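Hello,

Here is the structure I promised to pass on. Have a look at it first, and then read my notes below.

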Amino acid sequence: MNKAAMIAAALAATCAAGTAQAQMGGGPDKEKCYGVAKAGQNDCASSDGAHGCASMARTDNAPTEWKWVAKGTCEKLGGKTTAPAPAK
């Protein structure tokens, strides 16, 4: 593969990653909010590694599940902006 093609591929991958992040709900006006996701409505993997995908929360408001929310609203919703400490 020539140098120009490699650079083009790298730029395309970078752009795709940025688009995926925006589509997933993250961005400068959003923050992760733990403990507010309803069952089946989490936005990504759980913080404890129980699963690695969105929409897999089994219970409402589990402290290890999170959703993207508008920045500054997490605590008003009853959540936390930091993941819970791992169980010992």
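Let me start with a cysteine that has no partner. The sulfur of cysteine 44 has its closest cysteine sulfur in cysteine 53, and at 7.6 Å that is too far for a bond, since a disulfide needs the two sulfur atoms within 2.5 Å. Cysteine 53 is likewise in no disulfide, the sulfur of cysteine 44 being the nearest one to it. Please keep in mind that this is a predicted model.

How exposed are these two? Cysteine 44 has a relative accessibility of 22%, so it counts as partly exposed; the cut-off for buried is under 20%. Cysteine 53 is partly exposed as well, with a relative accessible area of 42%.

Now to the cysteines that do pair up. The structure holds one disulfide, formed by cysteine 33 and cysteine 74, with their sulfur atoms 2.0 Å apart. This bond links distant parts of the chain: cysteine 33 sits in strand 1, while cysteine 74 lies in the segment after strand 2 (66-70), and the two are 41 residues apart. The torsion about their S-S bond is about 80°, so the disulfide is right-handed. Both cysteine 33 and cysteine 74 are buried.

Glutamate 31 may also interest you. Glutamate 31 belongs to strand 1, which covers residues 30-34. Its side chain is without a salt bridge although the residue is buried: lysine 71 has the nearest side chain of opposite charge, and that is 5.8 Å away, whereas a salt bridge calls for a distance within 4 Å. What does the side chain of glutamate 31 reach instead? At 3.0 Å there is the backbone nitrogen of glycine 72. If you set aside the neighbours within four places in sequence, the contacts of glutamate 31 include Trp68, Val69, Lys71, Gly72 and Thr81. Cys74, one half of the disulfide, is also among the residues that glutamate 31 contacts.

Finally, the chain as a whole. You will find one helix and two strands, arranged along the sequence as α-β-β. Of the 88 residues, 22% are buried. The accessible surface comes to about 6,000 Å², and carbon and sulfur atoms account for 60% of that. Among contacts with a separation of 6 or more, 59% join residues 24 or more positions apart.

Happy viewing, and best wishes!

How values were computed: Residues are numbered from 1 along each chain as its sequence is written. This is a predicted model: local features need pLDDT of at least 70, side-chain atom pairs count only at pLDDT 80 or more; totals for chains, interfaces and linings use all residues. Side-chain values use heavy atoms; hydrogens and water are left out. Helices (H or I, at least four residues) and strands (E, at least two) are DSSP runs, numbered from the N terminus. Buried means under 20% relative accessible area, exposed over 50%, partly exposed in between (1.4 Å probe, protein chains only). Contact means heavy atoms within 4.5 Å. Accessible areas come from the Shrake-Rupley method with a 1.4 Å probe; for residues, only the protein chains shown count as cover. Lys and Arg count as positive and Asp and Glu as negative; His and the chain ends are not counted. A polar contact is a pair of N or O atoms within 3.5 Å; within protein, one must be able to donate a hydrogen and the other to accept it, and residues adjacent in sequence count only if both atoms are side-chain atoms.
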